[in-house]
Amino acid sequence: MSISPKTTPIYQTSVFTFEDLNALEAYFSEPGPQYMYTRYGNPNTDELAQEINLLEQGQGAVVTSSGMSAILTAVLVYAKAGDHVLCAEEIYGGSSSLLSSELTRMGVEVTYVPTADIYSLEGYVQDNTKLLLVETISNPMMTVMDLAQVAQACQAKGLKLIVDNTFASPILTNPLTLGADIVIHSVTKYLSGHSDVTAGVVVAKEAADAQRAAQIMRTWGLNLSPFEGWLAARGLKTLKLRMREHSANALVLAQWLQQHPKVQAVFYPGLPDHPQHALAKEQGKGMFGGMLSFRIADDTESVNRFMRALTHIPFAPSLAGVTTSISYPVGTSHRGLTPAQRESQGITVGLIRLSVGIEEVEELRADLARGLAAI
Ligand SMILES: Cc1ncc(COP(=O)(O)O)c(C=O)c1O
């Protein structure tokens, strides 16, 4: 009897065995899927990397223990001590902490570029500048980056472009096809999709960069566990279906919130008055994703009353799961910013971020109505 499973089993092992020295030599000399030690590679994490590589149209991918370790890996592919890196000012707080608090200690200099200057980079590039890190859709204001234009600016200045595509997912946008050199994801979010995995991925346009990323992952010990890899690969199979539902639900809710008297502003690329609506439509293949933010009265008591009155939607400071959740940027993702930095980005006390899930939209609308009625 031969056993032939339809799905890849979980290879929950830290190490693989060799029959003899010939088998060991074959591992080192023959190409192909052979395994020695899970930190170097495992069928479950390889499967996940290959599937994401296909979706992002890369020349190689490596999965990592988290989105943070994916960003670290990507930056280390191009930058070493003595180099200078540029980063978009509107960026995930963890990314700026990694650059400002950790990589600067290792001799990597960092400068933040305001969105207004990102397409020219005029005055920001030094002789030792190696790369620019940006996000496709920013958190929490949902600014959409024109990736083709920013890639042109980078090419003109001889910089590598790293794009964090977490909010868009490869279903909406493929940064490598628009000129990026590396795309990273917090796989924790849409790619796995069920709020039960912490993982990351680095996908490269050049095979040599993917190989370098794999080397960094192994040597720094940034690998993903087989079980997390298996769970994420399972979630990934429904990514396309989920993104359609996330996008359709988010559009309905954004339109409804926009006309609600207790809502002062809604930030969603799918709304015609969003500053990058046309770009988002083109770059997102007609979909706008499941993330939106909205502003209620700028006082914490109103925010608390809104949160407490919700019966279905929990306050959970993450995003992109199949069930809807809200987050509070001032108190979570953007807590480390100074009040002036928050003010300049429009992140006020009354700003609430909504990660729209794939539930029945009427159920979500009713819950939001309950929350808003309590303010
Ligand atoms: C846009 C973005 N990039 C990267 C990360 C880091 O990912 P992880 O939490 O999987 O390390 C996050 C986490 O929230 C994020 O929102």
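**View 1. The largest nonpolar core of the predicted model.** Within the 83 residues of the largest nonpolar core, the members that touch the most others are Leu 257, Leu 292 and Phe 294. A nonpolar core is a set of buried Ala, Val, Leu, Ile, Met, Phe, Trp, Tyr and Cys residues joined through side-chain atoms within 4.5 Å; buried denotes under 20% relative accessible area, with a 1.4 Å probe and protein chains only. Helix 9 (residues 239-258) is the main contributor, giving 7 residues; helices are DSSP runs of H or I with at least four residues, numbered from the N terminus. Both domain 1 (57-223) and domain 2 (239-373) supply at least three residues each, the bounds coming from an automatic or database domain assignment. This is a predicted model, in which local features need pLDDT of at least 70 and side-chain atom pairs count only at pLDDT 80 or more, while totals for chains, interfaces and linings use all residues. Residues are numbered from 1 along each chain as its sequence is written, and side-chain values use heavy atoms, without hydrogens and water.

**View 2. Surroundings of Leu 292.** Leaving aside residues up to four places away in sequence, the contacts of Leu 292 include Met 142, Ala 250, Leu 257, Phe 267, Tyr 268 and Arg 353. Contact means heavy atoms within 4.5 Å.

**View 3. A second, separate core.** This core has 31 residues, among them Leu 72, Ala 74, Val 75 and Ile 91.

**View 4. Cys 87 and Cys 154.** The structure holds 0 disulfides, a disulfide being a pair of cysteine sulfur atoms within 2.5 Å. The sulfur of Cys 154 lies 12 Å from that of Cys 87, its closest cysteine sulfur, and is therefore too far for a bond. Cys 87 is buried at 0% relative accessibility, and Cys 154 is buried at 1%.

Notes
Buried < 20%, exposed > 50% of the residue type's maximum accessible area, 1.4 Å probe, protein only. Helix = DSSP H or I, 4+ residues; strand = E, 2+ residues; numbered from the N terminus.
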